[in-house]
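Grab a coffee and open the viewer for a few short exercises. Try each task by yourself before you read the solution below it.

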Amino acid sequence: LVSDLTSERVKIYEDGKLQKITSFSREFDQPLAITLLIDTSSSARATIKVQQEAAIDFFHNTITRKKDKGLLISFDSTIDILQDFIDDPDRLTKAIKSLRIGGGTKMFDAIQFACQEKLVKHTGMRRILVLISDGDDNMSYETLDSVIKIAQHSDVSIYTVSTNSSGFFGMSEPKQDKVLKKLALATGGNPYFPAKINDLALSFYRIAEELRNQYSVAYRSTNNARNGAFRKIKINVKGKKLKLQYRKGYYAVDN
């Protein structure tokens, strides 16, 4: 994490046109609305216990009472809310312990449900979706492209943690991991690919650290049209080479 950025070093472009920054600040403690989406399809059977332990630690390290809220959803052939939004890590822990393995996989439909039916209602908070899955989907109506668009419309950043077993054995990036990577990078989140199953907890720790250390940058677009079109955003930082993580654009709609 880089803690010393200033607005003078930052340039923002929208659809290739330089924009004037109107505010710039480092944010340590913005309220979070976090949905944890856990794959409980049959492919998760071998890793579910480690997933549960990592998820419990994540909520205890991330959710602050009277400020943040956490939601737990599991998905297989069905999509189930195990604990609705709450600021109590103990209640979330109880829900995590109730996870049970099911059948098929509705990953994309679960993302759509979490974004449009739950997270979008939480205004004034950073909307975060953390997805634990092997990236496979065999039952959804939604597609990868459609749920990326839904997340962008809903102002949701997706963080993905892969449980794909090929990654644990050092194999080349499988198709499912590419799906998880695209979901995260297109929405301003980050993908994590643990080298071994016991590294899941480390991935969650890094996500929690990221969520508490962000920069907030604002500008008023030079394009006044509110026609629903997607506007591409590019950010450059002068100085040493950095890896930048940000939303790649937004839909210009009337509020």
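The exercises below walk through a predicted model, one region at a time.

**Exercise 1. A buried arginine**

Task: Find where R9 lies, and work out how far away the nearest side chain of opposite charge is.

Solution:
- Start with the location: R9 sits in the segment before β1, a strand that covers 10-14.
- Next, look for a charged partner. The nearest side chain of opposite charge belongs to D4, at 4.1 Å.
- Now apply the cut-off: a salt bridge requires the two atoms to be within 4 Å. R9 is therefore buried yet without a salt bridge.
- Finally, list the surroundings. Setting aside residues up to four places away in sequence, R9 touches D4, N236, V237, K238, G239, K240 and L242.

**Exercise 2. The open sheet**

Task: Give the order of the four strands in the open sheet, and say which are the edge strands.

Solution:
- Trace the strands across the sheet: the order is β2-β1-β11-β12, with antiparallel pairing.
- The edges are β2 (17-19) and β12 (249-251), each of which pairs on one side only.
- On average, neighbouring strands here are turned by 30° against each other, ignoring direction.
- Zoom in on one pair: β11, residues 230-237, meets β12 in the antiparallel sense over three bridges. Within this sheet, K232 has G249 in β12 as its bridge partner.

**Exercise 3. A covered strand**

Task: Determine how many residues of β7 are buried, and which strands it is joined to by bridges.

Solution:
- Count the buried residues in β7 (126-133): eight of its eight residues qualify.
- Sort them by direction. R126, I128, V130 and I132 point one way, while R127, L129, L131 and S133 point the other way, and all are buried.
- Turn to β4, residues 32-39: seven bridges join this strand to β7, and the two run parallel. Here A33 stands opposite R127.
- Then take β8 (156-162). Seven bridges join β7 to β8, again running parallel, and I128 stands opposite S157 of β8.

**Exercise 4. Two helices**

Task: Compare the spans of α6 and α3 with their expected values, then list the buried residues of each helix.

Solution:
- Begin with α6, residues 175-186. Its 12 residues reach 17 Å from first C-alpha to last, close to the 16 Å expected.
- Its buried residues are D177, V179, L180, L183, A184 and A186.
- A reminder helps with reading such a list: residues three or four places apart in an α-helix point the same way, because there are 3.6 residues a turn.
- Ask what these buried residues pack against: α3 (107-118), β7, α4 (144-153), β8 and β9 (191-192).
- Look just past the end of α6, where G188 adopts a positive phi of about 85°.
- For α3, the 12 residues reach 16 Å, close to the 16 Å expected. This helix is mostly covered, with nine of its 12 residues buried: M107, F108, D109, A110, I111, Q112, A114, C115 and K118.

**Exercise 5. A phenylalanine**

Task: Locate F59, decide whether it is buried or exposed, and find its contacts.

Solution:
- F59 belongs to helix α1, residues 48-62.
- Its relative accessible area is 0%, so F59 is buried.
- Leaving out neighbours within four places in sequence, F59 contacts L36, G70, L71, P89, L92 and I96.
- As a last step, check F204: its C-alpha is separated from that of F59 by 9.3 Å, although the two are 145 residues apart along the chain.

Note on methods. Residues numbered from 1 in each chain as written. Predicted model: local features only at pLDDT ≥ 70, side-chain atom pairs only at ≥ 80, totals over all residues. Heavy atoms only, no water. Buried < 20%, exposed > 50% of the residue type's maximum accessible area, 1.4 Å probe, protein only. Lys, Arg positive; Asp, Glu negative; His and termini not counted. Contact = heavy atoms within 4.5 Å. Pairing = 2+ DSSP bridges. Axes fitted to C-alpha atoms, helices over the stretch in contact; angles between N-to-C directions. Expected span 1.5 Å × (residues − 1).
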